[in-house]
Amino acid sequence: MSDYQHEVEELERESATAARLFDVRRIIGGLFAVYGVIVTIAGIMASEADLKKAQDININLWTGLGMLALGLFFLAWMQLRPAIPPTVDELTGEPGPPAS
Amino acid sequence: MITLAEGLRLPTNGLDYTILAIYFIVVLGIGFAARRSVRTSLDFFLSGRSLPAWVTGLAFVAANLGATEILGMAANGAQYGAYTVHWYWIGAIPAMVFLGLVMMPFYYGSKVRSVPEFLLHRFGPSSHLLSSVIFAVSSVLIAGVNLYAMAIVLQALLGWPQWVAIVIAGFFVLVYITIGGLSSAIYNEVLQFFVILAALIPLTVVGLKRVGGWDGLTDSLTSSHGDAFLTAWKGTGIGEGNPLGANWLTIVLGLGFVMSFGYWTTNFAEVQRALSAKNLSAAKRTPLIAAFPKIFIPMVVVVPGLIALVMEPTLGKDKDGLQYNDAIPVLMRDLLPNGVLGIAVTGLLAAFMAGMAANVSSFNTVFTNDIWAAYLKKGRPDSHYLKTGRVVTAVGVLIGMGTAFIASSFSNIMNYLQTLFSFFNVPLFVVFIIGMFWKRTSAAAGFWGLLSGTVAAMINYFGLYKQGVISIPSEQGANFVSSIVAFVVGALVMLVVTLFTKPKPAESLAGLVYGTRSPGMEEPPAEGDDAWYRKPALLGWGAIVLAVICYVPFSF
């Protein structure tokens, strides 16, 4: 194995990303839930002019509900399948006990 | 270069600006929250090679889904009609699948940290330095041009002065990448992917209703532009005429093979996303997962371009009127009420920033690893390179902002430079593909192949096409032909130089050439990666079959 490959392996062992980086699903879920609520409310309070502009589709309402659903999907996914930080054994490359 | 017509000011209100402000807060929040995960330079440049495939896959497609791409492809839709789908189905999918299935084992398995670094180990310092410098210069320049394009769009849509847009967007990108590194860039790209879809889907739905559904759309365009406008292949026989100005051979070879393989398989701003995946299986799946959204993106990008053409038949006809690039802004202005409009503005701004962030985050990696650490300051402790990476990020963004200001007075020069750099990807692909599959290829062949291919493309484009020595009906057609020239010349030069020079010793090529393996690469798939729906071959061939099926309705 070449020098640079040893160096990368060494850095992978010291890397903190796997253990300490937050789950992106929390951000997507949170932002889309908030956007969903805001846009849905805009849809509920849509004016005649808004509806006419969007060709008689209450586009705010539908988009808002869609975004809300996507946001809740990501939050639920995160709850049901939380990311498991790798064990110390896995990080050092030693064979650890089989994951349950 | 994108310029927008006058009179496109959007009727934004406080609600829209609230939505935009929330997005900016979240962007910064991601940067600060990712900060604690950055301990080594590998964390900063490649997320510690530890991200799951669905995250890197969506970031892979989002890094390509910048705003210039969205506005540009909608413009192509309005200008060339259904021929625009070639950029997706033949001009992206095969190359993405090839990257995932064939090339990724070499890239990821050899543990290189960048695309140029692969050249260093496979060929040697001369081709490495050449490609690193060109990549570094071109990414900063493209980041600047992106920023300038954004400033023009925001000036037209929101009435922001250009310098305000440049400074704000530059500042946010600078902060979140300097602090959170690639993880922060990738997370923002994933977020941007969903926001831009939340903007484009409602736009397309309302637009279709406005023009009487898909049938209404095709009826009006067929009567105004003829039958061929809504087909992908009509008039592409050699010698026939079509709006694209290219025949089937240049489409398949130039766009589908040479140009697209050059872009997708060697552009580090893309490949970097795959290199940050957590294991080889995830790295292979990165471009394959990205291929599926890529197949369907024309539905919400090219279709709005067609809708805009029906709503504004003068689009692109009059120099002072609406241009093709205005297609999506026109629909936003005419069809979206406040609320969704705010989402659309946010999506567009997010796409601009993500496009720029992809350039900046690949620039800092190549500069620090391949120029600074390889030639200028070797053998320093890792913390030195982490710090360098942060400083270089800031410097890169500032140069990009400077470029954006310069671009406003020299936009023609910028166009030329962009074309020039676009010729570099193709010879790079030649060198990679021959280097990966032909063990004998020598170090000198790599360097001369790279150089001669690039020069040949430039001579063909600037010398022969621009001077009118050979006649090609359109700019796009000329690009396709120049790429083919670059490929052929680069390959021939490599062949000849290899025959007259000494090959590299076989033991130095382990894991870099087909038929060899890096030590430690035989590891079994990680827990869960052996599920049938995670098999790279199935995903890859599935994407190809789907792309072929998509062509069917546009082929007869």
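In chain A of this predicted model, confidence peaks in helix α5 (residues 59-80), at a mean pLDDT of 95, and bottoms out in helix α6 (residues 88-92), at a mean of 51. Just past that low point, residues 93-100 of chain A have a pLDDT below 50, and this stretch has five contacts in the model beyond near neighbours in sequence. Where pLDDT is low, the predicted coordinates should not be read in detail. Taken as a whole, chain A has a mean pLDDT of 83, with 83% of its residues reaching 70 or more.

For chain B, the mean pLDDT is 88, and 95% of the residues get to 70 or more. Here the lowest confidence falls in helix α18 (residues 411-422), at a mean of 68, while the highest belongs to helix α13 (residues 280-296), at 95. As for the complex, the predictor gives an ipTM of 0.88 and a pTM of 0.91.

Now to the build of chain A. Six helices and zero strands make up its secondary structure, so to speak a run of α-α-α-α-α-α along the sequence. Of the 100 residues in chain A, 32% are buried. Among the contacts in chain A with a separation of 6 or more, 69% link residues that sit 24 or more positions apart.

Two stretches of chain A, residues 27-47 and 59-80, are listed by UniProt under "transmembrane region", in an unreviewed entry. In the model, residues 27-47 of chain A are 86% helix and 0% strand, with the end C-alpha atoms 31 Å apart. Residues 59-80 of chain A come out as 100% helix and 0% strand, and their end C-alpha atoms are 31 Å apart.

The loop between α4 (48-53) and α5 of chain A holds Gln55(A), and Asp56(A) is found in the loop between α4 and α5 of chain A as well. Both are worth a look for their backbone angles. Most residues other than glycine have a negative phi. Gln55(A), though not a glycine, has a positive phi of about 55°. Asp56(A) is not a glycine either, and its phi is positive at about 65°. How buried or exposed are they? Gln55(A) counts as partly exposed because it has 15 C-beta neighbours inside 10 Å, whereas Asp56(A), with 10 other C-beta atoms within 10 Å, is exposed.

Where the two chains meet, 43 residues come from chain B and 36 from chain A. On the chain B side, helices α1 (14-34), α2 (41-46), α9 (162-210) and α16 each supply at least two of the residues that touch chain A. The biggest giver is α9(B), with 11 residues. Sorted by class, the side of chain B that touches chain A has 24 nonpolar, nine polar and 10 charged residues.

Helix α16 of chain B also packs against other helices of chain B. One of them is α12(B) (residues 268-275): its axis and that of α16(B) (residues 340-376) come within 9 Å and cross at roughly 80°, which makes α12(B) roughly perpendicular to α16(B). On the α12(B) side, the contact is made by Phe268(B), Ala269(B) and Gln272(B), and on the α16(B) side by Ala358(B), Asn359(B), Ser362(B), Thr365(B) and Val366(B). That contact has four nonpolar, four polar and no charged residues.

Another is α4(B) (residues 67-80), whose axis comes within 7 Å of the α16(B) axis and crosses it at roughly 120°. α4(B) is therefore oblique to α16(B). Here Ala67(B), Thr68(B) and Ile70(B) of α4(B) meet Leu348(B), Ala351(B), Phe352(B) and Gly355(B) of α16(B). By class, the contact of α4(B) with α16(B) splits into five nonpolar, two polar and no charged residues.

A last stop in chain B is Ile152(B), which lies in helix α8 (residues 125-158). Ile152(B) counts as buried because 20 other C-beta atoms lie within 10 Å of its own. Ile152(B) and Ala165(B) are 13 residues apart in sequence, and their C-alpha atoms are 8.7 Å apart in space.

Conventions
Residues are numbered from 1 along each chain as its sequence is written. Chains are lettered from A and ligands numbered from 1 in the order in which they are written. This is a predicted model: local features need pLDDT of at least 70, side-chain atom pairs count only at pLDDT 80 or more; totals for chains, interfaces and linings use all residues. UniProt positions are given in the numbering used here, feature names are shortened, and annotations may be inferred rather than shown by experiment. Helices (H or I, at least four residues) and strands (E, at least two) are DSSP runs, numbered from the N terminus. Axes are lines fitted to C-alpha atoms, for helices over the stretch in contact, and angles run from 0 to 180 degrees between N-to-C directions. Angles under 35 degrees count as roughly parallel, over 145 as roughly antiparallel, 65 to 115 as roughly perpendicular and the rest as oblique. Two residues are in contact if their C-beta atoms, placed from the backbone, lie within 7 Å. Ala, Val, Leu, Ile, Met, Phe, Trp, Tyr, Cys and Pro count as nonpolar, Asp, Glu, Lys and Arg as charged, and the others, Gly among them, as polar. pLDDT is the predictor's confidence in each residue, from 0 to 100. A residue is buried if 20 or more other C-beta atoms lie within 10 Å of its own, exposed if 12 or fewer, and partly exposed in between; C-beta atoms are placed from the backbone.
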